[in-house]
Amino acid sequence: MKNIIDGEELNIPEHVAIIMDGNGRWAKKRLMPRNFGHKAGAKVVEQICEDAHNLGIKYLTVYAFSTENWRRSVEEVTGIMNLLRAYLKDCIERASKNNMRVRVIGDRTALDKDIVEKIEELEAKTACYDGLNFTIALNYGGRDELRRAVLDIAKDVKSGELTPDDIDEKLISSRLDTKDMPDPDLLIRTSGELRLSNYLIWQLAYTEFYFTDVLWPDFDINELKDAIRYFNGRERRYGGVK
């Protein structure tokens with residue numbers, strides 16, 4: 001899809017994935033606790049969803065909490081979970097207003113019951129919306145996702161529903177959390193870090209990567225536009241030659 005951005009015709013990536021990094025450093029610069037940065041970062045998520053939709057992006061997937069983030073302090077994890085509760089509570093009304101479908105990927109078994117119930121309610125109430133497809137990766141890890149997919153396939157092989165010869169890339173993709181979504185065209189990581197941190201490691205095989213030193217609470221529509229311009233400068237060959 002093409003769109004005019006600031007007078008420039010650009011190809012708009014269908015699916016953008018974001019690693020929202022730098023909340024803690026943003027707070028530290030202001031001599032504030034890390035959870036202050038997480039709260040500011042959550043506000044940016046709300047705005048970026050609106051901006052992404054207005055720019056023509058169809059799918060937006062953000063890394064909110066990884067399977068490794070449980071290693072952080074009890075205070076920080078508790079703060080993030082309470083922030084999540086507040087976000088989920090408000091998100092139903094916001095999604096309805098913006099015609100936004102919301103889904104959550106990751107392993108829900110470690111989450112508190114009230115959070116899981118809110119996730120299920122949010123997904124059910126927004127399933128009919130056809131605007132931005134917004135996905136939150138929560139207690140998510142790429143390796144854990146693949147482990148769960150392999151386990152699911154192994155059970156079907158054991159029961160006789162599948163044979164080993166049935167296992168191909170299409171089947172594996174169909175057992176992932178993102179089975180109903182196209183793979184990301186563009187990955188954005190903020191705060192200057194240059195790694196995937198166990199994020200969508202199957203889905204990012206042919207994704208273009210954009211890294212910026214901007215800390216997530218300072219990320220805005222102009223930064224998003226810069227990422228899209230960078231995307232337009234890439235030649236996507238998918239292993240072939242042009």
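Two strands pair if DSSP finds at least two bridges between them. Keep that in mind as you work through these exercises on a predicted model.

**Exercise 1: Strand 7 and its partners**

Find which residue stands opposite I188 in strand 7, and which stands opposite L187.

*Solution.*
Step 1. Look at strand 3 (residues 15-19), which pairs with strand 7 in the parallel sense over 4 bridges. Here I18 stands opposite I188.
Step 2. Turn to strand 8, which runs parallel to strand 7 and is joined to it by 4 bridges. There, L187 stands opposite F209.

**Exercise 2: The two faces of strand 7**

Are the side chains on the two faces of strand 7 buried or exposed?

*Solution.*
Step 1. Recall that in a regular strand the side chains alternate between the two faces of the sheet.
Step 2. Sort the residues: L186 and I188 lie on one side of strand 7, with L187 and R189 on the other.
Step 3. Check each one: all four are buried, and both faces are therefore covered.

**Exercise 3: A residue in helix 7**

Work out whether I228 is buried or exposed, and which residues it touches.

*Solution.*
Step 1. Locate I228 in helix 7 (residues 221-232).
Step 2. Use the cut-off: buried means under 20% relative accessible area. I228 is buried because its value is 0%.
Step 3. List its contacts, leaving out residues up to four places away in sequence: I228 touches I5, L10, N11, I12, P13, L55, I57 and L186. You have already met L186 on one side of strand 7.
Step 4. Compare with N198: I228 and N198 are 30 residues apart in sequence and 23 Å apart in space, C-alpha to C-alpha.

**Exercise 4: Aromatic rings**

How are the rings of Y63 and Y199 arranged, and how are those of F65 and W70?

*Solution.*
Step 1. Start with the total: the structure holds 8 aromatic pairs.
Step 2. Take Y63 and Y199, whose ring centres are 4.3 Å apart with 15° between the planes. Planes under 30 degrees apart count as stacked, so this pair is stacked.
Step 3. Place them on the chain: Y63 is in strand 4 (residues 59-66), while Y199 is in the loop between strand 7 (186-189) and strand 8 (208-211), 136 residues away. Both Y63 and Y199 are buried.
Step 4. Now take F65 and W70, an edge-to-face pair with 4.9 Å from centre to centre and 75° between the planes. F65 counts as buried because its relative accessibility is 1%, whereas W70, at 34%, counts as partly exposed.
Step 5. Finish with the cluster: ring pairs link Y63, Y140 and Y199.

Conventions: Residues numbered from 1 in each chain as written. Predicted model: local features only at pLDDT ≥ 70, side-chain atom pairs only at ≥ 80, totals over all residues. Heavy atoms only, no water. Phe/Tyr/Trp six-rings, centres within 6.5 Å; stacked < 30°, edge-to-face > 60°. Buried < 20%, exposed > 50% of the residue type's maximum accessible area, 1.4 Å probe, protein only. Contact = heavy atoms within 4.5 Å.
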